[in-house]
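Welcome! Take a moment to turn the structure around on your screen before you read on. The briefing below picks out a few places worth finding.

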Amino acid sequence: MMVARWSIDARFGYKAQVVDALQRWMREIGSEIGWKAENVRILGGSVGTREATVQAEILIRDLAELNAAWDKLATLEAHKQWSQDLEPFVVSGSPRWEVLRVVG
């Protein structure tokens, strides 16, 4: 098993909007690419990280599953529109993916 972690930083004063948008994305778009709610959690920055950081962690089997999800995302107009709607609330250049292997 692996954890795919997507991190973004909210612009000052917009963290709640970013969290709401990410929760909506998980319900409406994440479900279309096969990501189940029980395999996803959303985290917010607190101590030792930027307070503005919002992360989505998705439990996946392997990199092939992640690649298939990304391939499907590229075909979804709703994902493209969601990304454009989110852009004003996010620090430009902050989105990034990390993939970690579950070891225990």
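Here is a short tour of salt bridges and one residue in a strand.

The model you are looking at is predicted. In total, the structure holds seven salt bridges, and three of them are described below one by one, starting with the pair Arg-5 and Glu-98.

**A bridge between two strands**

- Start with Arg-5 and Glu-98, whose side chains meet in a salt bridge with an N to O distance of 3.4 Å.
- Arg-5 belongs to strand β1 (residues 2-9) and Glu-98 to strand β4 (residues 96-101), so this pair ties together parts that are 93 residues apart in sequence.
- Arg-5 counts as buried because its relative accessible area is 19%, and the cut-off for buried is under 20%.
- Glu-98, at a relative accessible area of 31%, is partly exposed.

**A bridge within one helix**

- Next, look for Arg-24 and Glu-28, which form a salt bridge whose closest N and O atoms are 3.9 Å apart.
- Both residues sit in helix α1 (residues 15-28), and the four residues that separate them in sequence make about one turn of the helix.
- Arg-24 is partly exposed, with 31% relative accessibility.
- Glu-28 is partly exposed as well, with a relative accessible area of 42%.

**A bridge with one buried and one exposed partner**

- Arg-61 and Glu-65 also form a salt bridge, and their closest N and O atoms are 3.4 Å apart.
- Which of these partners is buried, Arg-61 or Glu-65?
- Glu-65 is the buried one, with a relative accessible area of 17%, whereas Arg-61 is exposed at 57% relative accessibility.
- Elsewhere, salt bridges that share partners join Arg-5, Arg-41, Glu-57 and Glu-98 into one network.

**Thr-53 and its surroundings**

- Now find Thr-53, which is part of strand β3 (residues 53-60).
- Is Thr-53 buried or exposed?
- Thr-53 is buried, because its relative accessible area is 4% and buried means under 20%.
- Leaving aside neighbours within four places in sequence, Thr-53 is in contact with Ile-8, Asp-9, Lys-15, Leu-43, Gly-44 and Gly-45.
- Some of these contacts lead back to elements you have already met: strand β1 covers residues 2-9, and helix α1 covers residues 15-28.

Notes:
Residues are numbered from 1 along each chain as its sequence is written. This is a predicted model: local features need pLDDT of at least 70, side-chain atom pairs count only at pLDDT 80 or more; totals for chains, interfaces and linings use all residues. Side-chain values use heavy atoms; hydrogens and water are left out. Buried means under 20% relative accessible area, exposed over 50%, partly exposed in between (1.4 Å probe, protein chains only). Contact means heavy atoms within 4.5 Å. A salt bridge is a side-chain nitrogen of Lys or Arg within 4 Å of a carboxyl oxygen of Asp or Glu.
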